[in-house]
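Trainee: Could you pick one part of this model and walk me through it closely? After that, follow the chain outward from there, and give me the cut-offs as you go.

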Amino acid sequence: MLVLAIDTSTPAVTAGVVSLSAPSPNTESPDAVETLAVRVTVNPRAHAEVLTPHVLECLAEAGVTPAELNAVVVGVGPGPYTGLRVGMATGAAFGDALGVPVYGVCSLDAIAAAVPTTQSLLVVTDARRREIYWARYDRGVRVEGPAVNSAGDVDPSPSTLIAGSASHVDFFDLPVDPAETPSPAGLVTVAAREILAGSVPAPLEPLYLRRPDAKTLAERGK
């Protein structure tokens with residue numbers, strides 16, 4: 001199966017085309033996830049400008065036409081309002097135009113999926129306002145979060161490894177895995193079981209975790 005993967009939950013604008021196949025019957029091998037093309041631009045102000053060109057470049061590099069895509073996976077955060085709505089709207093638009101399902105996945109889960117470890121893992125990304133988005137994983141399964149807090153309010157224990165934003169992992173005295181942002185392979189890995197089963201995806205719901213910075217006039221008056 002061919003899957004378009006998109007994430008705009010961090011300053012990285014990410015798109016990729018991924019090949020997904022199920023394991024052979026009567027084996028315990030994992031799903032096969034292969035990245036065919038990927039584009040990443042780190043610019044928190046460029047989501048709207050570069051995302052669609054990234055998608056088109058990935059399709060061309062992979063030698064895939066839009067009609068050959070079987071599904072779309074999009075990171076739903078947690079992340080800032082402006083960035084998330086660009087990625088989710090783009091993913092939904094491609095899915096609607098092509099008539100394929102669009103699966104939303106937690107972007108922190110996608111980072112965790114790229115970390116090959118059985119250790120207790122803490123994943124953190126930039127939430128601005130001197131805060132972080134975070135979640136904790138045990139053997140790849142999320143056991144706490146996602147949440148938003150100041151770094152000082154997040155207890156690193158019992159985690160023994162950390163991944164995520166390079167400018168925020170250093171707040172914690174833990175060994176660092178190099179996975180910083182959601183990758184196309186990580187996004188598809190999180191949704192793989194649903195995609196292969198042909199499950200009807202849940203409606204896309206952004207994980208803002210707090211109110212957007214932008215306010216209406218009535219809200220400002222309050």
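**Starting from a buried strand residue**

Mentor: Let's start with Ile-162, which is buried at a relative accessible area of 0% (buried is under 20%, exposed over 50% and partly exposed in between, using a 1.4 Å probe and protein chains only). Before going on, two bits of housekeeping. This is a predicted model, so local features need pLDDT of at least 70 and side-chain atom pairs count only at pLDDT 80 or more, while totals for chains, interfaces and linings use all residues. Residues are numbered from 1 along each chain as its sequence is written, and side-chain values use heavy atoms, with hydrogens and water left out.

Ile-162 sits in strand E9, where helices (H or I, at least four residues) and strands (E, at least two) are DSSP runs numbered from the N terminus. Leaving aside residues up to four places away in sequence, Ile-162 touches Leu-121, Leu-122, Val-124, Val-169, Phe-172, Leu-174, Pro-175, Val-176 and Asp-177; a contact here means heavy atoms within 4.5 Å. For a sense of spacing, Asp-173 is eleven residues from Ile-162 along the chain, and their C-alpha atoms are separated by 9.1 Å.

Now step back to Ser-159, in the loop between strand E8 (141–149) and strand E9 (161–164). Ser-159 is buried too, because its relative accessible area is 6%. With the same sequence neighbours left out, Ser-159 touches Ser-120, Leu-121, Leu-122, Arg-136 and Leu-174. Leu-121, Leu-122 and Leu-174 therefore turn up on the contact lists of both Ser-159 and Ile-162. With Arg-136, Ser-159 also has a side-chain to side-chain polar contact at 2.8 Å. By polar contact I mean a pair of N or O atoms within 3.5 Å; within protein, one must be able to donate a hydrogen and the other to accept it, and residues adjacent in sequence count only if both atoms are side-chain atoms.

The E8–E9 loop also holds Pro-158, and the peptide bond joining Ser-157 and Pro-158 is cis, with omega about 5°. Another cis bond runs from Gly-77 to Pro-78, with omega near 15°; Pro-78 is in the loop between E4 and H2. Most residues other than glycine have a negative phi, and most peptide bonds are trans. On the phi side, look at two arginines. Arg-130, in the loop between strand E6 (120–128) and E7, has a positive phi near 60° and counts as exposed because its relative accessible area is 83%. Arg-139, in the loop between E7 and E8, has a positive phi near 55° and is exposed at 61%.

Strands E7 and E8 come up again in the second largest pocket, which has a volume of about 270 Å³. Of its 15 lining residues, the closest to the centre are Asp-109, Ala-112, Ala-113, Gly-140 and Val-141. A pocket is found on a 1 Å grid over the protein atoms alone: it is an open set of points where a 1.4 Å probe fits, with protein on both sides within 12 Å along at least five of seven lines, and lining residues have an atom within 4 Å of a point. The volume is the space filled by probe spheres set on the points, which are joined across faces, edges and corners. Helix H3 (107–113), strand E7 (131–138), E8 and H4 each supply at least two lining residues, and H3 gives the largest share, three residues.

Back past Pro-78, the aromatic count comes to one pair. The rings of Tyr-81 and Tyr-208 have centres 5.2 Å apart and planes at 45°, so the pair is tilted (Phe, Tyr and Trp rings, the six-membered one for Trp, pair with centres within 6.5 Å; under 30 degrees is stacked, over 60 edge-to-face, the rest tilted). That pair links Tyr-81 in helix H2 (residues 81–98) with Tyr-208, in the loop between helix H4 (184–197) and helix H5 (217–221), 127 residues apart.

Last stop, Asn-70, in the loop between helix H1 (47–62) and strand E4 (71–75). Asn-70 is partly exposed at 33%, and its contacts, again without sequence neighbours up to four places away, are Met-1, Leu-2, Val-100 and Pro-101. A polar atom of the Asn-70 side chain lies 2.7 Å from the backbone nitrogen of Leu-2.
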